[in-house]
Amino acid sequence: MFQALSGEEALKYVLEENFALILMDVQMPGLNGFETAKLIRKRKKSNNIPIVFITAINQANEYVVQGYQLGATDYIIKPIHPDTLRLKVEGYVKNYKIRETLESLVQERTAELISANKRLMAVNKKIYNIIESIADGFITIDKNRLITYANKEAGRIFNQTPEELVGRDIRELVPEQDYPELYQEIKELAKKHKPAHFEVEFPKDTFYVVRAFAYPEGISFIIHDVTESKRVEKEIAFLERLNLIGQMAAGIGHEIRNPMTTVKGFLQLMSRKEDFLDHKDHFTMMISELDRANSIISEFLSLAKKKSVGLERKNLNAIIETILPLIQADALKGDMCIKTFLNEVPDQLLDEKEIRQLILNLTRNGLESMSPGGSITIKTMVDQGEILFIVQDEGKGIEKEILDQIFNPFFTTKNSGTGLGLPVCHSIATRHNAKIDIDSSPAGSTFTVRFKIFK
Ligand SMILES: Nc1ncnc2c1ncn2[C@@H]1O[C@H](COP(=O)(O)OP(=O)(O)O)[C@@H](O)[C@H]1O
Ligand SMILES: [Mg+2]
């Protein structure tokens, strides 16, 4: 309990301490009770302290109304019975205590809420970091199909920054008329509230597996690029087919070759006999046909090989130079020419016989695609850790529809083609850890073999 002898003193105390109640006379020296009450109410700290005025009965009427207007809580009229005063004060103290506990409780809960909020924000940040760091695209859309969130990868997929994506209508980016099935899925998803996943080609030749989850607020999508795995899958299927064919070739190749050798031997023998002199041309033709069959079988057998046997440190340019006269003779026959641009390339582990075969097969195809007057350009160079061997022709090009098939064994568009040239190139390239790229237009085709440089 504090006792103040004037309004000014009371104001000082009120600033320093917390009080459950202020008991005050109306008439005081200096500041009177009302003026003091007004000032107490003005201060934030003391704004809520109950003020009880003590007044004499003869002044009660004129003071009571004015006092309440100025912020008095209650009045005690003199003369006072000590018990009344005690009970009143006790009541206020009790109230004060209740309020105090309540306030501390609120403070405690607020602190808890703040720390929970902090934790939530930390978790949020973690989730955000995860979403940003995953290699998949992640976007969320609301009920109106407007994008509400997009991570960096999603930005890359749509060729925009994530900020540019937010707020856009998904249908602007993925037109509904081009992807009717996708939107059908989304519609059903929103109804079922069950996760779904589907594959989309967007744009051409880029494939994504999209997993979608519906929420009451909208839908979230995880967009996973499967272009590369699809390509690898295709490649593996192709290699498996090649492998099977190779095994078959190895199995039957020799069985066919042996009788052919016998037949050829007899044909050569008989062609020298006087009796058959008239048919010499036929014998020559039969023998050359057998030779052709034999060379096809040789090519076919080379598909079965798993490893290049003759790997030696060689220079690609040197191999090209040795085989060039042969190619040039080929070209001259058809009134075509060969141009070479051989830039310096490092030596590399190469199987010379196989590389010759690769060069021949690619240049032959080029020559066969052109009309007289055309020319073939053979180039070598180093590019980004790879040795490039490029054969460029001025032929009619390769139609899109068949581009997928030209590496398949026996696929040919030529009357007397074997369809083995490119599959053989492919298996030679694979054995040399190289890849073959094709660029084709109606003005000609370019085959690029990329050899990884091994140090
Ligand atoms: N440079 C090229 N220009 C146009 N078409 C080509 C070229 N190279 C290959 N092709 C196409 O690929 C097919 C397969 O080639 P290949 O495997 O060498 O077999 P072949 O030459 O016996 O037909 C050819 O029939 C042809 O249609
Ligand atoms: Mg060919």
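**Exercise 1. Find the polar partners of ligand 1 in this predicted model.**

Solution. Start at the backbone: a polar backbone atom of G419 lies 3.0 Å from an oxygen atom of ligand 1. Next, turn to the side chains. An N or O atom in the side chain of T412 is 2.6 Å from an oxygen atom of the ligand, and for the side chain of K414 the corresponding distance is 2.7 Å. Now hold each value against the cut-off for a polar contact, a pair of N or O atoms within 3.5 Å.

**Exercise 2. Work out how much of ligand 1 the protein buries.**

Solution. Begin with ligand 1 taken alone, which exposes 530 Å². Then add the protein, and 95% of that area is buried. As for the location, ligand 1 takes up the space of the second largest pocket.

**Exercise 3. Describe the shell around ligand 1 by element and by class.**

Solution. First, look for elements that give two or more residues to the shell: these are α12 (352-369), α14 (421-431) and β15 (444-452). Of these, α12 provides the largest share, with 4 residues. Second, sort by class, which gives 7 nonpolar, 11 polar and 3 charged residues. Third, pick out the nearest of the 21 residues around the ligand: D393, T412, T413, K414 and L422.

**Exercise 4. List the domains of the protein chain, then give the separation of domain 2 and domain 3.**

Solution. The domain assignment gives domain 1 (7-80), domain 2 (134-225), domain 3 (229-302) and domain 4 (311-452). Taking the C-alpha centres of domain 2 and domain 3, you should find them 55 Å apart.

How values were computed: Residues numbered from 1 in each chain as written. Chains lettered and ligands numbered in written order. Predicted model: local features only at pLDDT ≥ 70, side-chain atom pairs only at ≥ 80, totals over all residues. Heavy atoms only, no water. Near = heavy atom within 4 Å. Polar contact = N/O pair within 3.5 Å; in protein donor to acceptor, adjacent residues only side chain to side chain. Areas by Shrake-Rupley, 256 points an atom, 1.4 Å probe, with all protein chains shown as cover. 1 Å grid on protein atoms, 1.4 Å probe; cavity = no way out; pocket = protein on both sides within 12 Å on 5 of 7 lines; lining within 4 Å. Sits in = over half its atoms within 2 Å of the grid points. Nonpolar A, V, L, I, M, F, W, Y, C, P; charged D, E, K, R; others polar. Domains from an automatic or database assignment.
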